[in-house]
Amino acid sequence: MKFKYVLENKWLQEIFILVFSFVLFTLNDWILILSLKGFFFGLVYFFILYAHAQVNRFFILPFLLKEHRPVLYLVLTILALLVFSVILYEVSTEILYKNCFLYKSANQKTYHFQLGTLAGTLVCILGSIQILEHYREQKRRTNKTLVFNEMQLNALKGQLNPHFLFNTFNTLYGISLRYPERTSDMIMQVSQLMRYQVENSSKELVSIEEEIAFLSSYIQLEKERVGYRCDIQYSYDFDESQNYKIAPMLLITFIENAFKHGACTIENCHVNIKIEVKESRLFMNVVNSIPKKKKAVVSTKIGLKNTKERLEIIYPEKHKLEIIESEKSFNVNLEIELN
């Protein structure tokens, strides 16, 4: 049986604490066990100690943990120690010490010794129980958080896929209007983008090489659509031998947004995209112009919001996102610590 299973099973924890405490508090006296009767009375002595700890756990400790009344908890704990020390002294001196294996010195036959023994077992047993319960509670919260994050990510992906599809077909429509003879080639290119999305959007991670190839194909598609009237600059730099991984379909939103809002006019406009991977970090800078006279742009307002939420879930405290918007430009700086 794995120790991890013991930690997560409440009843096995109780048995483990009981056995461990008994062994710990009677370790020095094991060589004195001479009979089954003596062993039995030794167990009785320990169970009085254990019963005191359980009384504190179930009836007194809630005043501290649930009602936050430390003074009352301290008073009741001292009172219980005094009562149980009298009981333990009377039972041990009159019955147990005469019949069990426990070592009996002059110091053991005092109220002070029994009080100290009760206090020691209380700290050890309660401490062990609280540590294990804290572990179990943290485990429960962690599992709950993981399930919630998985559900949230699935929901975000469900929204992201049609969002990307919507924008891509808008791009294809724009190309077909200007270059109808090239529509068939563009449909093939779009189908490759769709294939990547279908095959990889459900994966946890993909290689940087695959993701950048996907982005490059999308940017090439946009160049076909608006390259004649928009200055598009795109560069990337990464070391293929490092085999870095990244969450799929995470960067595309910023690039989509740049073309959607930066190239939505017949005015001179520009979209600059730079991606660099070095020292286990990805740096992406996307800048697009903001036209003076904007055309009405159909937007679901999902992309950026979803991407921000995905970054928080997938790369908590491992990313930096800075968005600077001015009258003339929209600037996105993203840094991600890669796997």
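# Why these residues and helices are described as they are

Reader: Why is E279 called exposed?

Author: E279 has a relative accessibility of 72%. A residue counts as exposed over 50% relative accessible area, as buried under 20% and as partly exposed in between (1.4 Å probe, protein chains only). E279 therefore counts as exposed. The structure is a predicted model, in which local features need pLDDT of at least 70, side-chain atom pairs count only at pLDDT 80 or more, and totals for chains, interfaces and linings use all residues. Residues are numbered from 1 along each chain as its sequence is written, and side-chain values use heavy atoms, with hydrogens and water left out.

Reader: Where is E279 placed, and what is notable about its phi?

Author: E279 belongs to the loop between β4 and β5 (281-289). Its phi is near 50°, a positive value in a residue other than glycine. Most residues other than glycine have a negative phi. H68 is a further case, with a positive phi of about 55° although it is not a glycine. H68 is found in the loop between α3 (36-65) and α4 (70-99), and at 60% relative accessibility it counts as exposed.

Reader: What makes K278 partly exposed?

Author: The relative accessible area of K278 is 43%, so K278 falls into the middle class, partly exposed. K278 is in strand β4 (residues 269-278). Strands (E, at least two residues) and helices (H or I, at least four) are DSSP runs, numbered from the N terminus.

Reader: How do you know that K278 lies over the face of F283?

Author: K278 is at 5.9 Å from the ring centre of F283. A charge sits over a ring if NZ of Lys or CZ of Arg is within 6 Å of the ring centre and within 35 degrees of the ring normal. K278 is accordingly listed as lying over the face of F283.

Reader: Which C-alpha separations involve K278?

Author: The C-alpha atoms of K278 and E337 are separated by 10.0 Å, with their positions 59 residues apart along the chain. Y244 is 34 residues from K278 along the chain, and their C-alpha atoms are 9.9 Å apart. Y244 is found in the loop between β2 (230-237) and β3 (245-246), and with a relative accessible area of 13% Y244 is buried.

Reader: Why is helix α8 described as largely enclosed by the rest of the structure?

Author: Helix α8 covers residues 252-262, and 10 of its 11 residues are buried, so it is largely enclosed by the rest of the structure. Among the buried residues are I252, F254, F259 and K260. K260 also takes part in a separation across the chain: its C-alpha atom is 9.6 Å from that of N170, although the two are 90 residues apart along the chain. N170 lies in helix α5 and, at 39% relative accessibility, counts as partly exposed.

Reader: Why are α8 and α9 called roughly antiparallel?

Author: The axes of α8 and helix α9 (residues 303-314) come within 9 Å and cross at roughly 160°. That makes α8 roughly antiparallel to α9. Angles over 145 degrees count as roughly antiparallel, under 35 as roughly parallel, 65 to 115 as roughly perpendicular and the rest as oblique. The crossing of α8 past α9 is left-handed, a term used if the near helix is turned anticlockwise from the far one by less than a right angle.

Reader: How do you know that α6 and α7 are roughly antiparallel?

Author: Helix α6 (residues 183-200) and helix α7 (residues 208-226) pack at an angle of about 150°, with their axes 11 Å apart. They are therefore roughly antiparallel to each other. α6 likewise passes α7 in a left-handed crossing.

Reader: What makes Q114 buried, and which side chain does it contact?

Author: Q114, in helix α5 (residues 111-178), has a relative accessible area of 0% and is therefore buried. Its side chain makes a polar contact with the side chain of Y45 at 2.9 Å. A polar contact is a pair of N or O atoms within 3.5 Å; within protein, one must be able to donate a hydrogen and the other to accept it, and residues adjacent in sequence count only if both atoms are side-chain atoms.

Reader: Why is T93 called buried?

Author: T93 has a relative accessible area of 18%, so it is buried. T93 lies in helix α4. From C-alpha to C-alpha, T93 and T110 are 9.0 Å apart in space and 17 residues apart in sequence.

Methods: Axes fitted to C-alpha atoms, helices over the stretch in contact; angles between N-to-C directions.
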